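Q: Please take a close look at a single part of this model, namely how its strands pair. Then set that part beside the rest of the assembly in one connected account.

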Amino acid sequence: MEGTLKKGRIIGLLLLLLLAFLLDISIGSIKIPLGEVFRILFSFHSENSTWQFIVEKIRFPKACTAVLAGFGLSVGGLQMQTLFRNPLADPAVLGVTSGANLGVASIMLAGGGSASLYAIKELGFSGSWLITCAACAGAGGVMLLVLALSSRLNSNVMMLIIGIMIGSITLSVISIWQYLSDPDLVKEYLLWNFGSLGGVTGSQLVILSLVVAAGLIIAFLSSKKLDALLLGENYARSMGLTPKKARIIIICSTSLLAGGITAFCGPIGFVGIAVPHITRSLFNTSSHRILIPACCLVGSVLMLLCDTAAQLPGFQTVLPINIITALIGAPLVIWIILHKNNLRNFG
Amino acid sequence: MSSDLTLLHTRDLQTGYLSGSRRTVITQGPLDLEILAGQLICLLGPNGAGKSTLLRTLAGLQPALQGSIEIEGEATKRLTPVQLAKKVSLVLTDRVASSNLTVYSLVALGRYPYSSWLGLLSEADKSVIEWAVSMTGIESLIDRKMHTLSDGENQKVMLARALAQDTPILMLDEPTAHLDLPSRIQLMRLLHRLARQTHKGILLSTHELDLALQVAGEVWLLQPGGQLHRGAPEDLVLNGVFEEAFVKDGVLYDKAAGAFIIHSDNTVPITLTGSGVAAFWTQRALQRQGFVVNTPGDSLHTVHVSEEGGVIRWRLEGKDQTQIYGSIGTLLNVLRFREK
Amino acid sequence: MIKISRNLFFLVLSVFVLLGAFSCGRGAPKKEAAAAGEAGDAFSSEKAVIRHAHGFTIDYYDHYKLVRILDHDGTKTDTLKYLLVQEGTATPSGYPGAQVITIPVKSLVVMSSMHVALADFAGVADRIRGLGNFAYLSSTVVRNNVKAGKVTQIGLDGNINNELVISMHPGILMSMANPDVGFAKFKTMMDAGVPVMPNSEWLETTPLGRAEWVKLMAALVNKEDFVNKKFDSVEKAYDTLAQLGSRAATHPRVIIGMPFKGSWYMPAGESYMAKFLRDAGAGYKWADTKGIGSVALDFEAVAPEALTADYWLNVGQVDSKKEIAGKDPRYASFKPFKTGALYNNTKQTNDIGANDYWESGAVNPQVVLADIIHILHPELLPNHQLVYYKQLQ
C-alpha cells in the first residue's frame, strides 16, 4: 500500500520532470512556436536555423545543466544533512563550495599579474577549462583538508564547525584578493559568482554529466550507510558500520557533486538545503534508497522551474539563477526553522 | 569457570582512554568478567565511576587499554565491525534525532548487519523484526514517527531494534534514565523476562539500585577508584560492599531496609514504639522531620503507634503532657511547633 | 563629375582625420604643453561654451568662475558648486556650500584614464601628481613622470589613501564618483582643504559630450582659448564623419561585446557607444532601448542577431578567434566569426596592458568614429588606417 503510493509519487515526479523540461525549453526571450521546438528536439532539424541554434545550442544544454545541477545539489545536501545530523547542512557547509570559489578566484583574479593573465589567454581554447579545473582543484583541496581533519576528529559537530571555519577563511582570502585586484577582473569574477546554467555547452556538459553521475552512483551505493548514520555514529558503529570509512565515501561523493556543479555553474544556493526537506515530507520516509532518487527528481524539477522563472517571459533579460533559488529557497529554510520545534529533529 | 553458557569473558581487562601517549585509566584491572547466557547483569556505581567506559569497551566501541575480550570464544579485536555487530547489540543514551523515521524502519535498521548492500529486507529479516516488535509489545506504535513517542515508548523501540539485531549479547547504557517510575519497572521486568526467555546475556548499567537488586542475577559494582565487585546482589549487601561503595557525604545504605538513607544528619533523638506498617511509615516520617529514631540514650519524646479496629492512633508522650493524634501529619505539626 | 568630387572629398577627409588624430593624440604633447604654458596662468579672456556635455556648466565672472556639476539629466537642483578663483584675488561671497579652487590649478590628483586624457588634451598632463592606479596608464608624459618618481599611486575610489592625498596638497582631486551618490566618502579630504570634483563624463550620452569635459579641465587651468580651438577641430572632424557615416547606403548589422555565463550586456540606446554606431551608419538592434548604460540580455535574446550580424565589435578581453571559441564553442557559429568580421578596440594596448582606447580615445572621438566607419564602410574612408581597432585573427 505504502509502496504503491511511493511508486505513484515517483511516476508523478517523472512526468513533472518531463513537463518542466519541456516548459523550460519552450519558454525563452525569443518566441519559438511550440511545434517547431518539438520538431527540433526530436529531429534536430528546422527550417529556421536561428531557432534550431537557440533550441539545440542554448535551451537544450541549459535545461540539461539545470537537471544535473538539481540532481547533484539536492543529493549533496541530503548526504550532508544525514552525515552531520543537521537540517541546515549542505555542501557549502563543508567548505567545498568556497573551495571551488577560491579555485576560480585564483584564476580570474590571478594577482592582476599580466603574466598569468597572458598565460590564460595563450591557452585560448582551454580558458574556460582552466577555470573549471581550478574550481575542481579548489574543491578537492578543501575536501582533502577537511578529510585530513576528520580523521583526527570523531565528532560530526566539530567537523561542521571546521567546515564553516574553512569556508570563512577561504572567502576572506577571496575578499582580500578581490580588494587588491583589477576591477574588470573582479567584475568578471562577480558575474561568475552569480551562478549561471547557461555557460555549460558541448564537451563541458559531457564532463559535468560524468562527474555528477559518478557522485550519484557513490551516493546511491552508500544509501544503507546513510540510513545507519541516521541513528548517530555510536549506533551506526554498533550495527557494523565503520564511520570513518563511511564519512570519507560520503564526503567524496558530495565533493564531486558540489565541486563539479560549482565549477560549471557557479555557486547555486539553497537547493541543497531545501530539496531534501521537501522530499522527506513528500515521501514520508527516511530511507536513502528512496530519498536519493526522489531528491534527484524534486531537485531537477525545482531547478528547471527556477530556470524558467529566471527567463522572465516577455523580457529580454535573464535573472541570475542564484537569485531565483535564493528567493524560493530562503523562505523554505525559514519555514524549516519555524516548523521544526527542535532543530535536531530531522531526517 | 568458562562453560558453554559463557557468552563473553574478559581477561586482565583494563579500560580507559588513550590520547596520544597519555593513558587515562578508568577501571583498575585486571578484570576477569563473564556474561552468561540468560543472565541479567546490572552494572552499578556512582556517577563517574566508569560504567559507560566499561560498557563501551565491552561492546567494542572503544579499545581496551589492556587485556582481551572474547565473545563466544573469539577475540573481539579480530572481529570485523559487521561480525561484532552480529554478537553485541546496544541501547544507548543517544537520542535518535530523526523525526521522519517511523518506528518500523528504525527497528528494521537492526537488520543492518544482515541485509543486502542496498538495505533490502528478506522475508527472514521481516520475521525477526516482527518477533522483536511483539517481544517488546510495541505493535501499536510501528507506524508512529520517532519524535512522537514518549521516553518510555522510545526506549522500548530502541530495545526492539537491538533485539532485531539478533545478537547473543545485549548491552544497555542507563536504559531507565529519564523514565517515570512505572516505565522503569516495566522496562526492567521486560529485560528480566527477555533474559530468561531468549537466553541472551544482558548487561545494563543503571542507577536504579532498588530495581537492580530485584531483577539482576548478578551485580557488577564499580567503585570510584575503579575497583569492581561482582556477585549476587544479596551477597554484596550482606558483605557490606554496597555500604562501602556509596559512602559519600552522608549517603548511607541501610542493609536492613535495602535502601539508601537520606536523613543521616539527624540529631534529635526520639523513641518510637509499636509495630506493623503504621510504625514503618511513622519512622520514615520522623526521620524526614530530623529525628534519630530509637537510638540508645535519652529522648525528649516518645511516640506510640497503636491500631485498634482499623483505626490508627499516635500517642505522643512528652515531659509533662500526653496527647493522641489521628494522623502522621498532625503529629509532625505538633513536633515541629514544640521544637521551636 | 559628382563621383570625382566625392572621391576628392574622401581623400581630403582622410588626410584631415589622420592629421587630427596625430595632433590630438600624444604625438607632440611636449610642444603643446610648452605652447599652452605660455598662454596660461592669467585669467582667461575666452570663455568655454558647452554645446554637447550635460554634466556641468561654467559661468564666468570678473575674477572667478562658477562651475556646477549636474546630475546626468541636468534636472537635479542640488548640484555641486565650485568657485574657481583666480590666484591672488579675493574669494567672492554669496556662494554658500561651494568648494573653492584656486586657479590655475598647479597640481592634480586624478583617478581614471579619462582624467589623464583630459589633462593630456589640455596640455597639463605634466601637472598630474597623484593617480589612482598606475596599471591603466598610457600617456607618455605621465608614464615618464611616474618613472621619475614625480607621481604617486593613491588607490582607487573605494580605498584612496586619504593621508597621502592630504599631505600632497593638490590643487584638486578628480573623482569618478557619481555626483548623486557616494560623495560623502570624500568629506575627510574636503575638510582638509582638498577640493574634490566628481568627473561624471561617463554619464554623457554622446562621444562629443564625453570629450567636451576637456573644457572643464581648461577652466581649471585657464586654458580656454587653447582647448576651445582644439575641441572645435575635434568637433568639426566628428561632425563631418558622422554626416558621412549616417548617410551610408547600407547599415551593416553590428553586435557588441561578449556574453558571460549566459548574460550579454549590450550598450543601451542612449549610451555614447550607441551614438557612435548610429553616427557610423551601423545597424544596431538595440539602438532604441532606454538608458545610458547597458541592457542586460540573455544569450538567447542576442543569438538571432549574433548568428546573422555582419560585424562583431569590442569583443572584450580576448585577442584571437581561438580564444573566443575557447570561451564558448557556440560563438564560432556567429556569422562575423565565420567571415572574420571581428574587431576589437585593443590595438593601442601597451606593454603594461593599459588600453589607450579608454584614455586618448575618449577625447578623440573623431578617430574612434573614423575607425568604426572604416570597418563598417571601407569604401567611405578607403585610406584610413585603423588607430584603436584591430581585426582579430
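A: Two strands are said to pair when DSSP finds at least two bridges between them. The model under discussion is predicted, and the part chosen here is strand β1 of chain B, which covers residues 6–19.

β1(B) has a partner in strand β5 of chain B (residues 66–71), to which it is joined in the antiparallel sense by five bridges. Within this pairing, Thr10(B) has Ile69(B) of β5(B) as its bridge partner. β1(B) also pairs with strand β3 of chain B (residues 34–36); these two strands run antiparallel and are joined by three bridges. Here Leu8(B) is matched with Ile35(B) of β3(B).

Chain A is built from 15 helices and zero strands. Of its 347 residues, 53% count as buried. Among the contacts in chain A with a separation of 6 or more, 79% link residues 24 or more positions apart. Leu83(A), in helix α3 of chain A (residues 49–84), counts as buried because it has 24 C-beta neighbours inside 10 Å, and 20 suffice for that class. Its C-alpha atom lies 31 Å from that of Lys62(A), a residue 21 positions away along the chain.

The two chains meet through 24 residues of chain A in contact with 25 residues of chain B. On the chain A side, the elements giving two or more residues are α10 (223–229) and α11 (233–238) of chain A. By character, that side comprises seven nonpolar, 10 polar and seven charged residues.

Definitions and conventions: Residues are numbered from 1 along each chain as its sequence is written. Chains are lettered from A and ligands numbered from 1 in the order in which they are written. This is a predicted model: local features need pLDDT of at least 70, side-chain atom pairs count only at pLDDT 80 or more; totals for chains, interfaces and linings use all residues. Helices (H or I, at least four residues) and strands (E, at least two) are DSSP runs, numbered from the N terminus. A residue is buried if 20 or more other C-beta atoms lie within 10 Å of its own, exposed if 12 or fewer, and partly exposed in between; C-beta atoms are placed from the backbone. Two residues are in contact if their C-beta atoms, placed from the backbone, lie within 7 Å. Ala, Val, Leu, Ile, Met, Phe, Trp, Tyr, Cys and Pro count as nonpolar, Asp, Glu, Lys and Arg as charged, and the others, Gly among them, as polar.
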